[in-house]
Amino acid sequence: MDSSPRSSFTGKVKRTPWWMKSLTGWSYVIYEMLFQKMQARHLKNPLPLPPLHDVACIITGSTSGIGLETARQLAVSGAHVVMAVRNQSAAFELIMKWQDERHGTSLLSVEVMELNLLSLASVVRFARAWNSRSKPLQVLINNAGIFSMGEPQKFSKDGYETHQQVNFLAPALLSILLLPSLVKGSPSRIINVNSIIHYMGFVNTDDMNFTLGKEKFNSTKAYSSSKLAQVMFNSVLQKRLPPEAGISVLCVSPGTVHTNVTRDLPKLVQVAYNFIPLFLFSAQEGSRSALYAATAPEIPEYCKALKADEWPTCAYISHDCRPTRAANEAHNTRAANEVWEKTMDMIGLPLDAVEKLLQGEEVM
């Protein structure tokens, strides 16, 4: 049994002070930003992809930034891409643009389905609609996310803090509800776009909404905690999936990317952000880790090897498309199981939902 202290997660014992975790976390971010292009210089841009005919991919948040580039490149390579988005009109406009850029060559196989991650009911409707087709799903990319830096605390209609719901809870629900289709598409993959900022995160399962007053809310705490929880939850999910299911679960870091996440940053930070493009990845460069995780033939065997070695976390792919180690907190298997149990309660699923779905049973 993992003997790591519970302090970083339950708040029952003193844990590392936030200021210390924040300092360490931002040092990781700065280091990544300064050296990521050097570390990824072996990669081509765009990343070459194999032919992906007969491969179905669902991508959340695919109308801007990394998600847009991921969807476009998968579609151009022949995959059937499902843009799971809130703004459907923007998605249709993108499809028309991509098709026009092909100058009359073969039609892209792209469709749009409505998905609002701020509503768990919307996630359920989406999963039911896809599963009802009884078609295989080979790739699910949980890309959508928010980082409302400096903004006041907000809650979804389900009553959950918005960073937690969009970045973690809703994708967790989507991943589990789509398991029947992922099994049909085996070997298949669940890819979660994470962030190096998870290194400064902590998860208090007694107060994931930051409402009890034990932790004063700020958006950086909420974002980093949601990304750490994402790694921990998916690490348990990978363990609960039997080898015969043929589903690989990964988290990937896109690097420090110049995307419209700055729309939520203070004006002064936005100005500074625009002065450092030399160090930042473009959205196309930032999409490479997710595209690699989605298409590289060695990924299933790598995930199997980690599971066979009883590695405590799911596979984690860095911005340079190389395996890396998730934050130390994610290696606390007891705490990860606490996160799993709390998450399943928050999204309204029984603890044995994975096993029931894999056996063909319905889960309410």
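Helices here are DSSP runs of H or I with at least four residues, numbered from the N terminus. With that in hand, H5 can be named as the element that gives the most to the lining of the second largest pocket, with four residues. Please keep in mind that this is a predicted model. Its open sheet has seven strands, and the structure holds two cavities of 30 Å³ or more. The points below walk through the sheet, the helices, the pocket, the cavities and a few notable backbone spots.

**The sheet**

- The seven strands of the open sheet follow the order E3-E2-E1-E4-E5-E6-E7, and their pairing is parallel.
- At the edges of this sheet sit strand E3 (110–114) and strand E7 (315–317), each of which pairs on one side only.
- On average, neighbouring strands of the sheet are turned by 20° against each other, with direction ignored.
- A good pair to look at is strand E5 (residues 188–193) with strand E6 (residues 247–252), which are joined in the parallel sense over six bridges.
- Within that pair, Val-193 has Val-252 of E6 as its bridge partner.

**Helices on the sheet**

- Helix H3 (residues 65–76) lies across four strands, namely strand E1 (56–60), strand E2 (80–85), E3 and strand E4 (139–142).
- The direction of H3 is at about 165° to E1.
- Helix H6 (residues 162–177) also packs on the sheet, where H6 touches E1, E4 and E5.
- The direction of H6 makes about 170° with that of E4.

**Helix against helix**

- Helix H8 (219–240) packs with helix H13 (residues 333–346) at an angle of about 90°, and their axes are 8 Å apart.
- That angle makes H8 roughly perpendicular to H13, because 65 to 115 degrees counts as roughly perpendicular.
- From H8, the contact uses Ala-229, Met-232, Phe-233, Val-236, Leu-237 and Arg-240.
- From H13, the residues in contact are Ala-335, Ala-336, Asn-337, Val-339, Trp-340, Thr-343 and Met-344.
- Sorted by class, the H8 and H13 contact has ten nonpolar residues, two polar ones and one charged one.

**The second largest pocket**

- The volume of the second largest pocket is about 430 Å³.
- Its lining has 16 residues, and those nearest the centre of the pocket are Arg-128, Leu-177, Leu-357, Glu-362 and Val-363.
- Helix H5 (120–131) and H6 are the elements that give two or more residues to this lining.
- Of these elements, H5 gives the most, with four residues.
- By class, the pocket lining has ten nonpolar, three polar and three charged residues.

**The two cavities**

- The largest cavity holds about 50 Å³ of space.
- Around the largest cavity you will find Gln-164, Phe-202, Val-203, Asn-204, Asp-207, Met-208, Phe-210 and Ser-225.
- The lining of the largest cavity divides into four nonpolar residues, three polar and one charged.
- The second largest cavity has a volume of about 40 Å³.
- Lining the second largest cavity are Asn-142, Asn-167, Phe-168, Pro-171, Ala-172, Ser-175, Asn-192, Gln-230, Phe-233 and Asn-234.
- Phe-233 of H8 thus appears both in this lining and in the contact with H13.
- H6 and H8 each supply at least two residues of the lining of the second largest cavity, and H6 gives the most, with five residues.
- The lining of the second largest cavity has six polar and four nonpolar residues, and no charged ones.

**Backbone spots worth a look**

- Asn-45 and Pro-46 are joined by a cis peptide bond, with omega about 5°.
- Pro-46 belongs to the loop between helix H2 (18–39) and E1.
- Asp-54 also has its place in the loop between H2 and E1.
- The phi of Asp-54 is near 70°, a positive value in a residue other than glycine.
- Another cis peptide bond joins Ser-186 and Pro-187, where omega is about 0°.
- You will find Pro-187 in the loop between helix H7 (179–184) and E5.

Technical notes
Residues numbered from 1 in each chain as written. Predicted model: local features only at pLDDT ≥ 70, side-chain atom pairs only at ≥ 80, totals over all residues. Heavy atoms only, no water. Pairing = 2+ DSSP bridges. Axes fitted to C-alpha atoms, helices over the stretch in contact; angles between N-to-C directions. Contact = heavy atoms within 4.5 Å. 1 Å grid on protein atoms, 1.4 Å probe; cavity = no way out; pocket = protein on both sides within 12 Å on 5 of 7 lines; lining within 4 Å. Points joined across faces, edges and corners; volume = space filled by probe spheres on them. Nonpolar A, V, L, I, M, F, W, Y, C, P; charged D, E, K, R; others polar. Parallel < 35°, antiparallel > 145°, perpendicular 65-115°, else oblique.
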